[in-house]
Amino acid sequence: MTAPTKIEAEQLLIDLLQIDTTNPPGNEKAAIDRIAAEFQKRGIEPTIVGEIEERPNLVAKWEADPSNRTGCPLILSSHVDVVPADETRWEHPPFSGHNDGTYIWGRGAIDMKGFAAMGIVALNTLRSEGISINRDVIFAAVSDEEAGTRYGSRWMVDERPDLLGNDPEYVINEVGGFTVHKKGKRFYPVQVAEKGVAWLRLTVTGKPGHSSLPAQDSSVAKLSRAIDRIASTRLPWHPSEEAANFLAAFAEEEGAVAKKLGPLLLKPGIGPKMIDAAISDPARRASVEAILRNTANPTRLTGGKTINSVPAEVSVDIDGRLAPGQTTQDLIRELSELVSPVLGDGFSFEILHESPPVSFSSDTPLFRSIEQAMNDFDPDGRVVPSLVPGFTDSCNYARLGATCYGFYPLPLAEDLDFASMFHGDNERIPVEGFHQGIEILTNLLRKFLTT
Ligand SMILES: [Zn+2]
């Protein structure tokens, strides 16, 4: 068996990008089949399972020789579904897989078909070298991450933990490994924690009636006041150790003022008052704030059947995210305090979906190997354990007791607005970074799996 070439690696990614796996509805089957073919071609027969035929999941296992096996499995996981893309806003169509030599374009290039391709190429490269590995490696490609993991990793963990090695020790997944440029320095965040999810429905009741009469206290009017409060109020700070470490790592390199301000920003009594002045860039402020507190974003409204009657009941769905250590009930308490002055008792919260925050120790051999692999590539770069406001499949793998890291190595040039490409327009991956990422991942795994 020979190692995959650079052209084959690019073609694999392009093929995956050309398959439209927009979720909803997902329809990830064609992408899963494409990945299956890549493993079959090189002598591994993957297993494909799922609750819905059109939305399967794949695992491909590279087994260690039992006499050489010293650890529990390592999983490389990628989701193959993507968020919708508005074609009219893209320079190249979102499912074109257009390769202009500098970038490969397509919805999913970053989030996260690029990592699926990297993982497959890295594993097949190492297998072609004939190395003897010290633990099983399981490549997992899952569906349905973007809509909440129901048919993907959540289903796998609930129904088929056997395919995930039952007791995996580590998972490598998104989000991390890309370059963050700051004042001429390079950082590589590696995700060790992610916020929890609390998707809530707030229902408000009021007096129904004919809408030809004034109704200032209708359910609709009350709900709008409640939404205004939710959207415009900063919820209390819950600074976690994970958040503190993450912010401190950047502050340390940013000079004396940042170093001094950093600890103050974390204080629940001071931080919320000083953050506007301390961080002038709104996007940066939002990302710092998000890791310090629970957030609640009203996203979907329901209610009212006809234009000429006041409904007795209307509701808003709220995408709530929980800081480390927080629970859904904590968030409901915070929101209830916020809305009760405008709603009285005429409201209720329903939990639509919840998943607790997760965090993992960075004091592990794998984390040190990641640091080493990154530093071998960029001796001046700094690896920083990070807390991410979104959720990933790691929230499910955590239930298997695995230590999950977000490490999708991707060296980036300074002028690329990387953050805007997550779920944004013109998502694309730098070709050079893609190949460098494959090399970093391959080197990491080669070392970690043989020592
Ligand atoms: Zn993703």
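Two strands count as paired if DSSP finds at least two bridges between them. Keep that rule in mind for the sheet later in this tour. The model on screen is predicted.

**Stop 1: the whole chain**

Show the protein chain as a cartoon. Its secondary structure comes to 13 helices and 18 strands. Now switch to the C-alpha trace. Along its principal axes the trace spans about 80 × 55 × 45 Å. How does the radius of gyration fit a compact globule? For 451 residues such a globule would come near 22 Å, and the protein chain has 23 Å, so the two agree.

Colour by burial next. Of the 451 residues, 46% count as buried. Then look at contacts between residues at least 6 apart in sequence: 79% of them join residues at least 24 apart.

**Stop 2: two domains**

Select 6–183 together with 358–450. That is domain 1. Give 196–355 a second colour; this is domain 2. Domain 1 is thus written as two segments, and domain 2 as one. Place a marker at the centre of each domain, taken over C-alpha atoms. The centres are 32 Å apart.

**Stop 3: where the domains touch**

Turn to the boundary. Here 11 residues of domain 1 are in contact with 15 residues of domain 2. Which strand gives the largest share of the domain 1 side? Select residues 382–388: this is strand β16, and it contributes 4 residues. Colour the domain 1 side by class. You get 6 nonpolar, 3 polar and 2 charged residues.

**Stop 4: a four-stranded sheet**

Move to the sheet that contains β11. It is open, has 4 strands, and runs in the order β11-β13-β9-β14. The pairing is antiparallel. Which strands are at the edges? Select 295–303 for β11 and 347–355 for β14; each of these pairs on one side only. Neighbouring strands are turned by 20° against each other on average, direction ignored.

**Stop 5: one strand pair**

Keep β11 selected and add residues 313–322, which are strand β13. The two pair in the antiparallel sense over 8 bridges. Show side chains for Asn297 and Asp319. Asn297 stands opposite Asp319, which belongs to β13.

**Stop 6: the helix on the sheet**

Finish with residues 219–232. This is helix α5, and it packs on the sheet. Which strands does α5 touch? They are β9 (196–205), β11 and β13. Look along β13 and compare directions: that of α5 makes about 15° with that of β13.

Methods. Residues are numbered from 1 along each chain as its sequence is written. This is a predicted model: local features need pLDDT of at least 70, side-chain atom pairs count only at pLDDT 80 or more; totals for chains, interfaces and linings use all residues. The radius of gyration is taken over C-alpha atoms; the globule rule is 2.2 Å times the number of residues to the power 0.38. A residue is buried if 20 or more other C-beta atoms lie within 10 Å of its own, exposed if 12 or fewer, and partly exposed in between; C-beta atoms are placed from the backbone. Two residues are in contact if their C-beta atoms, placed from the backbone, lie within 7 Å. Domain bounds come from an automatic or database domain assignment. Ala, Val, Leu, Ile, Met, Phe, Trp, Tyr, Cys and Pro count as nonpolar, Asp, Glu, Lys and Arg as charged, and the others, Gly among them, as polar. Axes are lines fitted to C-alpha atoms, for helices over the stretch in contact, and angles run from 0 to 180 degrees between N-to-C directions.
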